[in-house]
Amino acid sequence: MPPLSSTPVYFGNFLVTSQVFHRTAHSFALVNIKPLLPGHVLVSPQRAARRLSDLDQAEVTDLFLTVQQVGKMIERVYGASSLNIAIQDGPAAGQSVPHLHTHIIPRQSADLDAQGGSDAIYGMLEGEDGDVGRHLWESSRKRPKFPTVDDIARKPRTEPAMAEEAQKLALEMTRQHL
C-alpha cells in the first residue's frame, strides 16, 4: 500500500512519510522507530515547532484533539486500560528531535513490573531507550551498530515494518468514532 500522504512529511530533519498513519490540518501521527511498549506512537505538529510555546492556538488545539483521538484508537487496538501521554518540551527535558512531539504509550496493569513497576516508563523515556532522534539518525545512516547490553531485545524497526503498522493504524483511525 502507498503511504497515507503523497506530500513528504518530515519529523525534524527525518523523512517519515511512510510512518505517518493520520493527518489533520495541523498535526500528524506516526509509528515509532523503537517503541518502548507495543503501540507506542507519536503525534507532532505539521510545522516543525521546537517547543509547545511556539505553537499558535489553532495548532495547540489540533495537537491535543489529535492526541485524544489517536489515544482512543491505540487503547482499543492494543487492548490498553490506560495511556502514558508525554511531551519532552526542549532538550533539557530529554527532547531528542527538535520538533515538538507527544508520546502516546498504551499501558496495561503490571506491564512493567519486571522493570520496577509502572513508573519505570519515565526512566525509559529519559534514557537511551527513548532517544527517538538517535534511533532515526542511526537508521538513516544504514550502517550496523552494536547494541547496548540493556537494549538487545529492542531493535530499531525496519522501514517496511513501520510502513505496514502505519497502514494498519490508518485503517483503524477510519474505524474510530471521533
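Start by selecting helix 1: strand 3, strand 4, strand 5, strand 6, strand 7 and helix 4 are among what covers its buried residues. Here helices (H or I, at least four residues) and strands (E, at least two) are DSSP runs, numbered from the N terminus. Buried means under 20% relative accessible area, exposed over 50%, and partly exposed in between, with a 1.4 Å probe and protein chains only.

Some ground rules before moving on. What you have open is a predicted model, where local features need pLDDT of at least 70, side-chain atom pairs count only at pLDDT 80 or more, and totals for chains, interfaces and linings use all residues. Residues are numbered from 1 along each chain as its sequence is written, and side-chain values use heavy atoms, with hydrogens and water left out.

**Stop 1: helix 1, residue by residue**

Which residues of helix 1 are buried? Pick out Glu59, Asp62, Leu63, Thr66, Val67, Val70, Gly71, Met73 and Ile74. The helix has 22 residues and reaches 31 Å from its first C-alpha to its last, close to the 32 Å expected at 1.5 Å a residue (the expected span is 1.5 Å times one less than the number of residues).

Now look at the ends. Asp56 caps the N-terminal end of helix 1, with a side-chain oxygen 3.1 Å from the backbone nitrogen of Ala58. After the helix comes Gly79, which has a positive phi near 65°.

**Stop 2: the sheet**

Next, select strands 3 to 7. They form an open sheet of five strands in the order 3-4-5-7-6, with antiparallel pairing; two strands pair if DSSP finds at least two bridges between them. Strand 3 and strand 6 (82–87) are at the edges with a single partner strand each, so one side of each has no neighbour in the sheet. On average, neighbouring strands here are turned by 20° against each other, direction ignored.

Zoom in on strand 3 and strand 4, which pair in the antiparallel sense over three bridges. There you'll find His22 opposite Ala29 of strand 4.

Bring helix 1 back: it lies across strand 3, strand 4, strand 5, strand 6 and strand 7, running at about 165° to strand 5. Such angles run from 0 to 180 degrees between N-to-C directions, using lines fitted to C-alpha atoms, for helices over the stretch in contact.

**Stop 3: helix 4**

Helix 4 packs on the sheet too, touching strand 3, strand 4 and strand 5, and its direction makes about 35° with that of strand 3. Select residues 159–175 to see all 17 residues of this helix; at 1.5 Å a residue they should span 24 Å, and the end C-alpha atoms are 25 Å apart, which agrees. Its buried residues are Met162, Glu165, Ala166, Gln167, Leu169, Ala170, Glu172 and Met173. Among what covers them are strand 5 (41–45) and helix 1 (57–78). At the N-terminal end, Thr158 is the cap: a side-chain oxygen lies 3.2 Å from the backbone nitrogen of Ala161.

**Stop 4: a loop and a stretch to treat with care**

Click on Ala110, in the loop between strand 7 (102–107) and helix 2 (120–126). Its phi is positive, about 65°, although it is not a glycine. Is Ala110 buried or partly exposed? It counts as partly exposed, at 49% relative accessibility.

Finally, colour by pLDDT, the predictor's confidence in each residue from 0 to 100. The chain's mean is 86, and 81% of its residues reach 70 or more. Over residues 141–151, though, pLDDT stays under 50. Where pLDDT is low, the predicted coordinates should not be read in detail.

How values were computed:
Contact means heavy atoms within 4.5 Å. A polar contact is a pair of N or O atoms within 3.5 Å; within protein, one must be able to donate a hydrogen and the other to accept it, and residues adjacent in sequence count only if both atoms are side-chain atoms.
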